[in-house]
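Visitor: I would like to learn how to read a structure of this kind, feature by feature. Where should we begin?

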Amino acid sequence: AITNFIKHETRHTIKATRMEDINNTHDIKGNTKENACVAFDCHIKDISSFKGSQDPFNPQNTIEGFMCRKDATTLGSLWITKVNGIALKKAYMVHATPKLAYPYDDYEKKEYKQFNDKCIVSYYISNKWDGSNILFFKYHDAEGNVFISAKSRVVEFVKDGNFGPFCTLTKETLGLKEGDVLTMGNLPESLSELESEDVQAKCFELCGRKDPHLVKYDFDAKLQPLFVSTFRGSIRPCITSKGSYGPKPWNLEDVLAMCKKIQKFDLAKNEKFREENNLQLRYEYGHFITEGKILYLLDVNGNLLHRTMYKIKSPDIEHVHWANFDCTIQGRVREALEKIILRGGQISEGALQSELDMGPKEWGKWSKDVMDYATQMDKDIPTKENDKRRVIILAGHAGSGRTEFVEEMRKKGWIILGNGMLTNNPPVNEFIAPFIVQLRSNCSLLVDLPNLNPHQRSTWLQEAKKLGILNIDCVVFDVSRTECESNLAKIGVKTTDPVIKKNLSSGMLSAPLLKE
């Protein structure tokens, strides 16, 4: 039973669907991690799995599959293998929003690339909104039912979290009420492109006062359209009139001159804004009025070349990122560190430089400060390869079989934390300190306490998260009170004992639900 608990895996097969055939751009057969490697064109170490992820826009649904962690145009893309626990005949890929690239060959000298791809026919320059990326996408279940949901860059679904109420704000901007779901039959006007058979997703930037960043906006929250993408991953920008240029026929000299002119204009605009509002040049919310623009290089069909967009940032935005390594910058390092840990990435110079969006010049100047500070913050968090930490939380009444399970796990080298069926009943708070100490020693820990409900279990979840531990399981001993009393009687434990009596009468066992 213990072996099955640790290694159990299920697979199913089901009939293929029409939408699946449209989606399967790589014609890859199979739902394995190796198949995902082929789809993402990456090494197996650059892939993570997800299971039982609940769709916040269709809460009756869960998905399972793999996500690309490679720092490439496929970063954050999904390889969906199951919907609601039922395997698809063919897994399919959801193309994520690519990270923006710098347009320079020499970042330090700000020398622009000499774009010489013969496939470039035109270009388009749009406003760069300062917010959080939200990608609305279509997916289907084994019966061919199509659903609409949304994700941010490196998670399978958009969610509320420590960095902001992104899911709540997204629903708010769409006008969705409690209980509303997103389907093909009730799409808001802003998502109408998803009605097209060949369109897989539409990308937005969620921005405004409720999602504060560097740029100050005069609205609470809006979803600003960026582009639509097809099932084959092709990207086509959303053409708007506000703050945009083109599309215009390709001419390298014109493009480079336009980009430099934009940077000069945006810098003057930001400086005027700070002067009028008596603000200094600082990396803080509301100290800029614009972040810059995005450059799209388009082919004959109006599609983006190589899924690569270029960020044309105002010079003051680039400069202020690393003007001083003060508490504000330290906060950005902590935030970057947390994001890397939360998505299961390895903490390294390359990962931090990418997450902090630093060019070679800034990294050359501040890399030692960043790494020293990150090491200080990360001293209790082992690298992904060396991370042996795992937490198992037991949930069950006295007499439910926890002790037998604990003894088997102890033989396997697990550290046991708890009081089992001792005749004293110390408060949970007394176990928090040793819980933290043991996990800092990079070992696996089993919490042997009743943990009958989400409130009791939340203590261990919160403390584990603070230490960057994501490998947490709960083993539920769902045994009736009558059977518990019988088991206790067999080993000579009296149910009249005050501690045992309190345990058995402390309420019903509430097994973890998907949300927990």
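Guide: We begin with a cut-off: a residue is called buried when its relative accessible area is under 20%. Glu463 has 13% relative accessibility, so Glu463 counts as buried. Keep in mind throughout that this is a predicted model.

Visitor: Where does Glu463 lie, and which residues does Glu463 touch?

Guide: Glu463 lies in helix α12, residues 454–466. Leaving aside residues up to four places away in sequence, Glu463 touches Ile432, Phe435 and Ile436.

Visitor: What does the protein chain look like as a whole, in helices and strands?

Guide: The secondary structure comes to 14 helices and 21 strands. The chain has 516 residues, and 47% of them count as buried. The exposed surface is about 25,800 Å², with carbon and sulfur atoms supplying 50% of it.

Visitor: What share of the contacts joins residues at least 24 apart in sequence?

Guide: Take the contacts between residues at least 6 apart in sequence: 67% of these join residues at least 24 apart. For a single pair, consider Phe136 and Ala150, which are 14 residues apart in sequence and 4.1 Å apart in space, C-alpha to C-alpha. Phe136 has its place in strand β8, and its relative accessibility is 0%, so Phe136 counts as buried.

Visitor: Now the strands. Why is strand β13 described as largely enclosed by the rest of the structure?

Guide: The general idea first: in a regular strand the side chains alternate between the two faces of the sheet. Strand β13 covers residues 222–230, and 7 of its 9 residues are buried, so it is largely enclosed by the rest of the structure.

Visitor: Which strands pair with β13, and over how many bridges?

Guide: Strand β12, residues 199–207, pairs with β13 in the antiparallel sense over 8 bridges. One example to find in the view is Cys203, whose bridge partner in β13 is Phe227. Strand β14, residues 235–237, also runs antiparallel to β13, and 3 bridges join the two. There, Ser229 has Ile235 in β14 as its bridge partner.

Visitor: What lies between the strands in the hairpin of β13 and β14?

Guide: There are 4 residues between the strands, and in this hairpin Gly233 takes a positive phi near 90 degrees.

Visitor: How should I read a helix by its buried residues? Take α4: which residues are buried?

Guide: List the buried residues, then look at their directions around the axis. In helix α4, residues 166–174, the buried residues are Phe166, Cys167, Leu169, Thr170 and Leu174. They cover an arc of only 165 degrees around the axis, which puts them on the same side of α4.

Visitor: What covers the buried residues of α4?

Guide: The cover includes strands β8 (132–140), β10 (160–161), β11 (164–165), β12 and β13. Just after α4 comes Gly175, with a positive phi of about 80 degrees.

Visitor: Which residues other than glycine have a positive phi?

Guide: Lys110 is one of them, with phi near 55 degrees. Lys110 lies in the loop between β5 (104–106) and β6 (111–112), and it is partly exposed, with a relative accessible area of 30%. Asn278 also has a positive phi, of about 55 degrees, although it is not a glycine. Asn278 lies in the loop between α5 (252–276) and β16 (292–298); at 72% relative accessibility, Asn278 counts as exposed.

Visitor: Turning from phi to omega, where is there a cis peptide bond?

Guide: A cis peptide bond joins Gly246 and Pro247, with omega about 5 degrees. Pro247 lies in strand β15, residues 245–249.

Visitor: One last feature. How many disulfides does a search of the whole structure find?

Guide: A disulfide is a covalent bond between the sulfur atoms of two cysteines. A search of the whole structure finds 0 disulfides. Cys238, for one, is in no disulfide: the nearest cysteine sulfur is that of Cys203, 8.4 Å away.

Visitor: Are Cys238 and Cys259 buried or exposed?

Guide: Cys238 counts as buried, at 13% relative accessibility. Cys259 counts as buried at 0% relative accessibility.

Notes: Residues numbered from 1 in each chain as written. Predicted model: local features only at pLDDT ≥ 70, side-chain atom pairs only at ≥ 80, totals over all residues. Heavy atoms only, no water. Buried < 20%, exposed > 50% of the residue type's maximum accessible area, 1.4 Å probe, protein only. Pairing = 2+ DSSP bridges. Contact = heavy atoms within 4.5 Å. Areas by Shrake-Rupley, 256 points an atom, 1.4 Å probe, with all protein chains shown as cover. Arc of directions from axis to C-beta. Disulfide = S-S within 2.5 Å.
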